[in-house]
Amino acid sequence: MKVLIVGSGGREHAIAWKVAQSKKVDKIYCAPGNGGISEIAECVDIGAMEFDKLVAFAKKEAIDLTIIGMDDPLVGGVVDAFEKEGLRVFGPRKNAAVLEGSKVFSKDLMKKYNIPTAGYDTFTSPEDAIAFLEKNEKYPIVLKADGLALGKGVLICNSLEEAKDGVKSLMLDKQFGSAGDSIVIEEFITGPEVSVLSFVDGKTIKIMTSAQDHKRAKDGDQGLNTGGMGTFSPTPFYTKEADEFCKKYVYQATVDAMRAEGREFKGIIFFGLMLTPDGPRVLEYNARFGDPETQVVLPRMKNDIVEVFEACIDGTLDKIELEFEEDAAVCVVLASDGYPEKYEKGFEIKGLDNFKDKDGYYVFHAGTKMADGKIVTNGGRVLGVTAKGADLKAARANAYEATKWVDFDNKYMRNDIGKAIDRI
């Protein structure tokens, strides 16, 4: 098979790495790809939102399967564009990707179908939002931009003044553009946050192993929200009881709700959960693999991922038994100092060869590119250093040891990824 992967981050590198292990695949392309992906796939200079060019390339090269890694093209309708030309593509159609593309849609869906989530109200007028906040007596409170905002459109506000400023930045200053045309104001709930990824074929859902992300830029969960500074899998906070609750009230219920709405979902549903004292609640849905969760989930997956992708497309997922290793994995993101605000790029990355032929150690490229025969930094999140271990503590020790193998100017990382497991 010839496979095309659309995207350019650490998630897409992890997907490409896993696809390369499939016995069914002999050629991989990636558009646009990055410096690391170029070692296992032929990178094509087409942007993820250039649908016409992507479709034309897939037809010209007789691509057998296209895998969409990123949220923007899915929400924009890239799957519809491929299907219209009779091309096989993995990911939800536009009318199903709205599950991630609109927080208002997903919250209303959960309310309609009794899927447990935090209480909320939605607003299209900043004046109405502020009037609501002025009557609210409980802080902190959560503001969410309706649309896609690079994982950063969530504001936790500790006071009325902060909340008013939040409404201003989202709805008036348009910090995230049109994503803030509508907002969700949500009750603040507490507990461990857990990520659960799943494969879906429209009817059947198969759950992958759990993971836990670290969104804040600095140690101790301080600093600004980021796309994710590191993650571990599995998370011990996701207990058997939590799993049983979610299987009963969340996972299949979401798939069935989307079908009932005429929005059959085929692809990946990422459940962002909070394990509150009153039981699990859905914080958000994503319509694709998480980043960096993919970098710890796929190294532990035993299945041929291409077979699973095809089963999702063909509606035969019920015949697949997902299998994951009993070990653990930890990913530490190496970022450019200053991320997620201002940072320099273009620095040469040294030491990448140290990961070659090292069983259980991986370096997934996020913001890199090839320049004059060298791999250089080209983004805020640069690399995801992942390591496996017999348990989470061993995996964490291995991952942090491996972060020393690679170096670049202005290299920055959190030093406490997975520290929460020490409390158990």
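**Exercise 1.** What span should the 21 residues of helix H9 (residues 240-260) have at 1.5 Å a residue, and how far apart are its end C-alpha atoms?

*Solution.* Keep in mind that we are working with a predicted model.

- Step 1: the expected span is 1.5 Å times one less than the number of residues, so helix H9, with its 21 residues, should span 30 Å.
- Step 2: the end C-alpha atoms of H9 are 29 Å apart, which agrees with that expectation.
- Step 3: now look along the helix, where a kink of about 55° is centred on Lys247.
- Step 4: just past the helix, Gly262 follows H9 with a positive phi, near 75°.

**Exercise 2.** Find which residues of H9 are buried, and name some of the elements that cover them.

*Solution.*

- Step 1: the buried residues in H9 are Ala242, Asp243, Cys246, Val250, Tyr251, Thr254, Val255, Ala257 and Met258.
- Step 2: their cover includes two helices, H5 (94-101) and H6 (103-112).
- Step 3: strands also take part, among them S10 (193-201), S11 (205-213), S15 (266-276) and S16 (279-286).

**Exercise 3.** Is Arg300 buried or exposed, and what does its side chain meet?

*Solution.*

- Step 1: place Arg300 in the loop between helix H10 (294-297) and helix H11 (305-314).
- Step 2: the relative accessible area of Arg300 is 3%; buried means under 20%, so Arg300 is buried.
- Step 3: the Arg300 side chain makes a polar contact of 2.9 Å with the side chain of Ser233.
- Step 4: a polar atom of the Arg300 side chain also lies 2.9 Å from the backbone oxygen of Asp327.
- Step 5: beyond its neighbours within four places in sequence, Arg300 has contacts including Thr209, Pro234, Phe324 and Lys388.

Key: Residues are numbered from 1 along each chain as its sequence is written. This is a predicted model: local features need pLDDT of at least 70, side-chain atom pairs count only at pLDDT 80 or more; totals for chains, interfaces and linings use all residues. Side-chain values use heavy atoms; hydrogens and water are left out. Helices (H or I, at least four residues) and strands (E, at least two) are DSSP runs, numbered from the N terminus. Buried means under 20% relative accessible area, exposed over 50%, partly exposed in between (1.4 Å probe, protein chains only). A polar contact is a pair of N or O atoms within 3.5 Å; within protein, one must be able to donate a hydrogen and the other to accept it, and residues adjacent in sequence count only if both atoms are side-chain atoms. Contact means heavy atoms within 4.5 Å. The bend at a residue is the angle between axes fitted to the seven residues ending there and the seven starting there.
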